Amino acid sequence: MKHLRIHTKEKPYTCNVCKKAFSRRSTLTQHFRTHTKEKLYECHTCHKSFSCLSYLTIHLRTHTKEKPFVCVVCNKAFSHRSTLKSHLLTHTNEKPFACDFCDKTFRQSNNLMEHLRTHTKEKPYSCDECNKTFSRQHSLTSHLRTHSKEKPFACDVCNKAFSDPSTLRNHLRTHTKEKPFACDVCNRAFSQRSTLHRHLRTHTREKPYACDICHKTFSRRSYLMRHLKTHTGEKPFACEICYKTFSRRFSLTCHFRTHTKEKPFVCEVCNRAFSDQSSLRDHIRIHTKEKPFVCEICNKAFRQHSSLMQHLRTHTQEKPFACNKCNKTFSHRHSFNNHLRTHTKERPFVCDTCKKAFSDRSNLKNHLRTHTKEKPYACGICSKTFSQSATLTRHSMTHSKEKPFVCEVCGKSFSQHSYLKTHLWTHTNQKPFACNDCEKTFCTRGNLISHLRTHTKEKPHACNICNKTFSHRFTLTGHLLRHTKEKPYRCEVCNKNFFDHSALRTHLWTHTEDKPYECDICNKAFSMRPSLMQHLRTHTKEKPFACDKCNKTFSHRHSFNSHLRTHTKEKPFVCDSCDKAFTDRSTLKNHLRTHTKEKPYACSICSKTFSQRPTLTRHLMTHSKEKPFVCEICDKSFSQHSILKTHLWTHTDQKPFSCSVCDKKFCQLAQLKDHLRIHTNEKPFACEFCNKAFSQRSYLTGHLRTHTNERPYACDVCNKAFSGASSLTRHLRTHTNEKPYDCNICSKIFSLRHHLTRHLRTHTKEKPYTCHVCYKTFSQRPHVIGHLRTHTNEKPSVCDICNKAFFDHWDLKKHSRTHTNYKPYKCDTCNKTFSWNSNLMMHLRTHTKEKPYECDICKKTFSFHSNLKGHLRMHTNEKEYACDICNKAFLYPSTLKAHLRIHTREKPHTCHFCNKTFSHRNNFVGHLRIHTNEKPFACDLCNKAFSHRSNLKTHLRTHTNEKPFVCHVCNNAFSDHSSLIRHMRSHAKEKPFPCDICNKTFSKRWDLKKHLRTHTK
């Protein structure tokens, strides 16, 4: 009977309350509980109660995470059968439920029922607390949480809680950046469907929400609600700090951030922060170049809707904002608000830095740039930047030569209206601004203000870099250009730039060769009057500038000023590159050439160039062989007076220059300066090719020859050339076999002094060079330099053939011979050849069995020093070579290098027989012996041979019965480590070798191999 009612549509059971009919009594009983609010079934976990047992069963799955209903198409699981049923329709695209009113179709009947209420306006779900009605049950449920403040849906990322799952779902997209809803017109994507619907109205121009009072229409309900408050004047939201009221909560929230300085919305492109979302959205359009708001009259596009509305008033001439005091009207609200402040004298916008107040926010914004030095407006032609848009507009006219403001009297045109206004007073002879002190009159107020400072000595314009003050702003502007090195005035003839217009005007005379100022005595002409006045003093011998301290007089002011600085120790001319200071501008000019490498003075004989004129003069004497300075004692002659002066001290044994640190004395000041750099570690001479720095110029000269490959010093015997004289001297000793330096301890002799010095440290155990990172000491400077690069990981020496990099040049040199296979050193015993003499010396010890290196602790001896060094770490347990990945430490760098290949999976050694690759060289060498059948390691007792030394070592224990590897569990002993490891697996029940076919595991590799044969049979 129950089943037949499905076909007959019979519903005999009717609800007495709402008259709704049902086909089953049990369904009516469940329905009746919606009226009585009876909930008999309670969840034992969260104590939530339900009116129906099936609802409880479904609810329990939220705790157990059980999802018994699986989609056969995509294997997605669901906790509800109905959800699975709805999901299956997404595969078939079936929407069986159609609306009778609008033909819209739905996958589920409840979706159709909810949709029908949009036509019938039925809202059957009512809130018991505020009587608000809803068309959907879940809307009521969400609304009830606004009363209970319940927010059961929490974000897993930021823990923010929400009252509705759909709100949580939308929120999660702020983390995932997912935007699944795309516009079909412009392809713009949105994270929420409602945002897409609002956006579509910008294309369709649909405005479904109308004001009942003025009939104005809006595209959004929120816009309508906001608009209605303009009629009612309602502003229910008040700021707790300044009590300002707002019609919208959002406006209050944004306003509150002006107090807290909070800017939570950050642009992902330029990291600029904003206090509200809309400002960020408008800002983003600057990056995207998007202008979605288009004027229907002139098609001009705008980034913001407000900008479009303001623009439309330029067509309609509408000025809706009227001042009630002076009746002046304005087309823009902000212009109106700014105007009102001219009446109230209100200045609400205050600079946080200097507390200066402004009536307009834009004026404050422009003012702030005087502190931040921000210049966001750039000229598209010369890239010059400006802090204000108006300044850029005026500057653009200097390129376009546009002068739109024309004088009606004389027809002269000007680029700015203020210039025209000032010019008009030249016709009327009007000078309305008079000085009260001297009654001098001026055309402009600015000129009067500047003039008044000549009386008050006021200098209000200060340089923010050097704090120098000026009475005029334009003087400060010119001064600032000295710091920025900006030269805005360019000569159109030679393109040379100048700081100020007067300097350009003076320079132009060098092109016209106009020299209007002539000397009456010698007829010499000058382009400037000051130059003539200075010249006349060469005739009159006049020296009008006298020093107050030493009474010395000068004919030129700049010479006098430079001299004064020798008393005050002032050095105002600072190099921008190295911050070195000078007393004279010309000295700075010469110094700057050490950075720019400019050499304007050229030798007419050999074309060699120099940075200073005196250097050229000295150089010319090398061509003329002129040596005008003669020693009166020994008649030796010199090309320079300074060299003669230094030479004279060799006769008197005088060393007048003493080091204040170590009291060492020198003949020359230059030698002392070079020496002092040893203490200060100063290296002022930098290589222009590789930026390497040196403490002495001679070192730099020698180094430069490594780049230019210049070798001016040649050996007379073998014609080999060298870059330095000292290198040639050392080389000559290879021909003469001269070894002038002998050790006073062991009488060993050396051809070079530094070889002797290095050798002596083997006796004294001195290690004067210390690493400043790990404080390790070294006996030689190259060793500490190479060691420091192990900390910085710097490898400056690169192989030209394989691009492999090394810590020092010596390692590169050794590596290079691996490419050339150059092995000049041969062993007389076995004829084996070596790339280096040191390698041969070490090899010879394998024949002589010499072991000169002894451990001080256990007296064990070694053939090689590196072996002793590694052995000592076994006593100290020092493992200074650590892996950056797993922090495992090793005694030797080679062991670390081999270990790193475990992480990188690098196998650089390839067998040319079978192409098998290996990560370690010793494994590779051992493998090759499988192909060659070479077994170089023989047992002295039984003559059995082995391909690996380790195999021989293990074999010897069969003779000695030595079993050094002991199990700590059962004390069983083994002769090799691998046997112990296999044994340990019997305790741990570990079976690391699985069968790929049947997944059976084994504790030994051999057992796995035997097992695999059972599959191949």
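Select Q317 to begin, and you will find an exposed residue of this predicted model, with a relative accessible area of 60%, which counts as exposed because the cut-off is over 50%. Q317 sits in the loop between α12 and β23, and its phi is near 60°, a positive value in a residue other than glycine. Most residues other than glycine have a negative phi.

From Q317, step back into the helix that comes just before it, α12, by selecting residues 305-316. How far apart are the end C-alpha atoms of helix α12? They are 17 Å apart, which agrees with the 16 Å that twelve residues should span at 1.5 Å a residue. Within α12, now colour L308, H311 and R313, which are buried, and then show β21 (293-294), β22 (301-302) and β23 (321-322), since the buried residues of α12 pack against these strands.

Next, move along the chain to K765, in the loop between α28 (753-764) and β55 (769-770). This residue has a positive phi of about 60° although it is not a glycine, and at 65% relative accessibility K765 counts as exposed.

For the last stop, select W425, F433, C435, F442, C443 and L448 together, for these six residues make up the largest nonpolar core. Which residues is W425 in contact with, once its neighbours within four places in sequence are left aside? Displaying the side chain of W425 along with Q430, P432, F433, C443 and T444 will bring up the answer, as W425 is in contact with each of these five positions, and among them F433 and C443 also belong to the largest nonpolar core.

Technical notes:
Residues are numbered from 1 along each chain as its sequence is written. This is a predicted model: local features need pLDDT of at least 70, side-chain atom pairs count only at pLDDT 80 or more; totals for chains, interfaces and linings use all residues. Side-chain values use heavy atoms; hydrogens and water are left out. A nonpolar core is a set of buried Ala, Val, Leu, Ile, Met, Phe, Trp, Tyr and Cys residues joined through side-chain atoms within 4.5 Å. Buried means under 20% relative accessible area, exposed over 50%, partly exposed in between (1.4 Å probe, protein chains only). Contact means heavy atoms within 4.5 Å. Helices (H or I, at least four residues) and strands (E, at least two) are DSSP runs, numbered from the N terminus. The expected span of a helix is 1.5 Å times one less than its number of residues.
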